[in-house]
Amino acid sequence: MVIIVIKICILILIFLTACTPNKEPILKEVSPNIKIASDLTFEYKEEIHLKDVVSTNECELINPNMKLDTSSLGQKNVKFLYKINSQIKTYSFRINVVDTTAPILHISNLTTTVGKEINMLKNAMCGDNYDRKIECHVDGYYDFYTMGEYPLKLVAADSNSNKTERSFKLIVKEKSNSTTQNYYYLEDLIKEHK
């Protein structure tokens, strides 16, 4: 149970650090007093404020910290208020929310003995920023009844055609009388996913 919690924490950290920081937008003038970012395409659930994409001259944004709605995909209308010469005016523009973030994966090499089938997906972790249920499967040839090392890939794809692959090995060993337990050490997981 502790191993699963550690793996989930690592996946969350990987996912959070994968988000790109906000870059300085290129602005285009849409009126004498308002400039709006030329690129109005944002990632799903990206945190964007009005002041990140709108600049004003000789007028004041009424709510510069207003968050733009990126909670669902597609085109959205953004309407905001600004003050110029003691008058309150409105302006609107459209943004596009997309999902281009690939799923994240974690799987380690797996070991079993001849004749003992294991569910490899049970030992894998697949996650995505948009889809609750993503397609996750193992690619490659393997045989639980023949000793050897099988190079395989864990593949995950979301509904927006974002895809991630990770290589791993399935090691099928000869049966032995001793029992072994696979342990994951926190230091090893941190080094592997730092």
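A residue counts as buried when its relative accessible area is under 20%, as exposed when that area is over 50%, and as partly exposed in between. By that yardstick lysine 76 is buried, because its relative accessibility comes to 13%. The model discussed here is a predicted one, and lysine 76 turns up again below, both in a salt bridge and beside a core residue.

Taken as a whole, the protein has 3 helices and 13 strands. Of its 194 residues, 32% are buried. The exposed surface adds up to about 13000 Å², with carbon and sulfur atoms supplying 50% of that area. As for contacts between residues at least 6 apart in sequence, 51% of them join residues at least 24 apart.

Now to the sheet. Four strands line up in the order β3-β7-β6-β5, giving an open sheet with mixed pairing. β3 and β5 (60-61) sit at the edges with a single partner strand each, so one side of each has no neighbour in the sheet. In general, strands of a sheet pair through backbone hydrogen bonds, and they can do this in parallel or antiparallel fashion. Here, β3 (residues 41-43) runs parallel to β7 (residues 87-98), and 3 bridges join the two. Phenylalanine 42 has valine 97 in β7 as its bridge partner. On the antiparallel side of things, 11 bridges join β6 (residues 74-84) to β7. Going along that pairing, leucine 81 is matched with threonine 90 in β7, and lysine 79 with serine 92. β6 and β7 also make a hairpin, with 2 residues between the strands. In its turn, asparagine 85 takes a positive phi of about 50°.

The sheet strands come up again in the nonpolar packing. As a general matter, nonpolar side chains in soluble globular proteins tend to be buried together. The largest nonpolar core in this model has 20 residues, and those with the most contacts inside it are Leu40, Val53, Val54, Phe80, Phe93 and Ile95. At least two core residues come from each of β2 (34-37), α2 (50-53), β6 and β7. β6 gives the most, with 4 residues. Phenylalanine 93 makes a handy vantage point: leaving aside residues up to four places away in sequence, this side of the picture includes contacts with Ile36, Leu40, Leu50, Val53, Val54, Lys76, Asn77, Val78 and Phe80. Apart from that core lies another one, of 15 residues, with Ile107, Ile134, Ala156 and Val172 among them.

Next, the cysteines. The disulfide count comes to 1. The bond runs between cysteine 126 and cysteine 136, with the sulfur atoms 2.0 Å apart. Cysteine 126 belongs to strand β10 (residues 125-127) and cysteine 136 to strand β11 (residues 135-139), so the pair ties together parts that are 10 residues apart in sequence. Cysteine 126 is partly exposed, at 28% relative accessible area. Cysteine 59, for its part, counts as buried, with a relative accessibility of 13%.

That leaves the charged pairs. Side chains of opposite charge can pair when their charged atoms come close. The salt bridge count for this model comes to 5. One of these salt bridges links glutamate 47 and lysine 67, whose closest N and O atoms are 3.9 Å apart. Glutamate 47 is in the loop between β3 and α2, while lysine 67 is in the loop between β5 and β6, so the pair ties together parts that are 20 residues apart in sequence. Glutamate 47 is partly exposed at 47% relative accessibility, whereas lysine 67, at 55%, is exposed.

Back to lysine 76, then: this residue forms a salt bridge with aspartate 69, and the closest N and O atoms are 3.3 Å apart. The lysine 76 end is buried, whereas aspartate 69 is partly exposed, with a relative accessibility of 40%. Lysine 76 is also among the residues that phenylalanine 93 touches.

A further salt bridge joins glutamate 149 to lysine 169, with 3.4 Å between the closest N and O atoms. Glutamate 149 lies in strand β12 (residues 148-157) and lysine 169 in strand β13 (residues 163-173), so this pair ties together parts that are 20 residues apart in sequence. Lysine 169 is partly exposed, at 36% relative accessibility. Finally, Lys153, Lys163 and Glu165 are linked in a network of salt bridges.

Conventions. Residues are numbered from 1 along each chain as its sequence is written. This is a predicted model: local features need pLDDT of at least 70, side-chain atom pairs count only at pLDDT 80 or more; totals for chains, interfaces and linings use all residues. Side-chain values use heavy atoms; hydrogens and water are left out. Two strands pair if DSSP finds at least two bridges between them. A nonpolar core is a set of buried Ala, Val, Leu, Ile, Met, Phe, Trp, Tyr and Cys residues joined through side-chain atoms within 4.5 Å. Buried means under 20% relative accessible area, exposed over 50%, partly exposed in between (1.4 Å probe, protein chains only). Contact means heavy atoms within 4.5 Å. A disulfide is a pair of cysteine sulfur atoms within 2.5 Å. Accessible areas come from the Shrake-Rupley method with a 1.4 Å probe; for residues, only the protein chains shown count as cover. A salt bridge is a side-chain nitrogen of Lys or Arg within 4 Å of a carboxyl oxygen of Asp or Glu.
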